Amino acid sequence: MILVGVDGSRTGLEAAAWAGAEAALRRTPLTVAHAVARWVTENDSGRYAEVSRWLREGGATVLAAAEDRVRREHPYVEVHTELLPGDPRAALIEAAADAELLVVGNRGTGGLRGLLIGSVAYGVAAHSGTDVVLVPARPAGTPGTRGEIVAGVDGSPHGLRALDFALAEAGRRGVPLRAVHGWAWPQVTGFGPADPDSEQDVLRELQALVEERQERHPGVTVVTEVVHGHPVEVLKEAAAGADLLVVGSRGHTYFAGLILGSVSQALLHHAPCPLAVVR
């Protein structure tokens, strides 16, 4: 089962459509969920009964709009709707505990001007134990994707899990995978010119990792790239126009106590396409 959280925003509808397409690819049911304050679901009588009923009706309208979008675009997907009580972040994380994937829009109706990512999107990406996909709204006139999955690979356990996820996604879609490693030669003053011999060593290591994993997905074409530059900037450029960018939730260089690695955290704000954060 895939769970998608919606809130009535355009980005939420795009997330529902993306989740519907993914459910069709995986041949799995889709649950469309909307969260409301817990008291809204518990007040059927008394002083605030009318307000509670009005808010529940609003939630039902949000769910119906998202369900309609999915059914129109993916009529063969089994779709369910659910009104969840509680804070949206905690409610979605709990509801998705047994899901294959949790999908949300990267910004919702409560976003403040100037913020690049909504609080719900950040909360579920940071705390969910389920793999999360953040879907941006598509501006009018946005050109189509180029039919490619991009994965950020750094050799860490999280990076290898992201590579496995990306290979499976590329296989479902019948598109190639580009496995990218952003590599920089650090100096005191910043990132200096790459050492050619070291860069070739990194490329060989990346190719070996990919070949080992590719055996489970023999039909997927994989291109490996080691690009000199900061990983965030490298992956942003590589993913422009891609179907999906896949990263691990944490990489090699994280500190104990951090929920997300610095690269995955930065890409929550700057990914140019749907972003999968893989546990």
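## The chain at a glance

How much accessible surface does the chain have, and what share of it belongs to carbon and sulfur atoms? The total comes to about 13800 Å², and 53% of that belongs to carbon and sulfur atoms. Accessible areas here come from the Shrake-Rupley method with a 1.4 Å probe, and for residues only the protein chains shown count as cover.

Keep in mind that this is a predicted model: local features need pLDDT of at least 70 and side-chain atom pairs count only at pLDDT 80 or more, while totals for chains, interfaces and linings use all residues. Residues are numbered from 1 along each chain as its sequence is written, and side-chain values use heavy atoms, leaving out hydrogens and water.

The chain has 279 residues, and 47% of them are buried (buried means under 20% relative accessible area, exposed over 50%, and partly exposed in between, with a 1.4 Å probe and protein chains only). Its secondary structure comes to 9 helices and 12 strands; these are DSSP runs numbered from the N terminus, with helices (H or I) of at least four residues and strands (E) of at least two. Take the contacts between residues at least 6 apart in sequence: 76% of them join residues at least 24 apart (contact means heavy atoms within 4.5 Å).

## A ten-strand sheet

Let's follow the sheet from one side to the other. It is open, with 10 strands in the order β3-β2-β1-β4-β5-β12-β11-β6-β7-β10 and mixed pairing (two strands pair if DSSP finds at least two bridges between them). At the edges sit β3 (79–85) and β10 (222–228), each pairing on one side only. From one strand to the next, the twist averages 25 degrees. Helix α8 (residues 231–239) packs on this sheet, touching β6 (149–152), β7 (177–183), β10 and β11 (244–248), and its direction makes about 155 degrees with that of β7. Axes for such angles are lines fitted to C-alpha atoms, for helices over the stretch in contact, and the angles run from 0 to 180 degrees between N-to-C directions.

## Strands β1 and β4

Strand β4 (residues 101–105) has 5 of its 5 residues buried, so the rest of the structure largely encloses it. In a regular strand, side chains alternate between the two faces of the sheet. In β4, L101, V103 and G105 are on one side, L102 and V104 on the other, and all are buried. Strand β1 (residues 2–5) has a similar story to tell: I2 and V4 point one way, L3 and G5 the other, and all are buried.

These two strands pair in the parallel sense over 3 bridges, with I2 partnered by L101 and L3 by L102. L3 also has a bridge partner in β2, T31; β1 and β2 (residues 30–36) are parallel too, joined by 4 bridges. β4 also runs parallel to β5 (residues 132–135), again with 4 bridges, and there V104 is matched with L134.

## Inside helix α9

Helix α9 (residues 262–270) has S264, A266, L267 and L268 buried. Their cover includes α5 (119–127), β5, α8, β11 and β12 (275–278). S264 has a relative accessible area of 3%. Leaving aside neighbours within four places in sequence, S264 is in contact with V247, G248 and S249.

## Salt bridges

There are 21 salt bridges in the structure (a side-chain nitrogen of Lys or Arg within 4 Å of a carboxyl oxygen of Asp or Glu). One joins E73 and R69 (2.4 Å, N to O). The two are 4 residues apart in helix α3, so about one helical turn separates them. E73 is partly exposed at 38%, whereas R69 is buried at 12%.

Another joins R213 and D164 (3.2 Å, N to O). This pair links distant parts of the chain, with R213 in helix α7 (residues 196–214), D164 in helix α6, and their positions 49 residues apart. Both ends are buried: R213 at 13% and D164 at 18%. Elsewhere, salt bridges with shared partners connect E22, R26, E100, E169, R172 and R173 in one network. E169 lies in helix α6 (residues 157–173) and is buried, with a relative accessible area of 0%.
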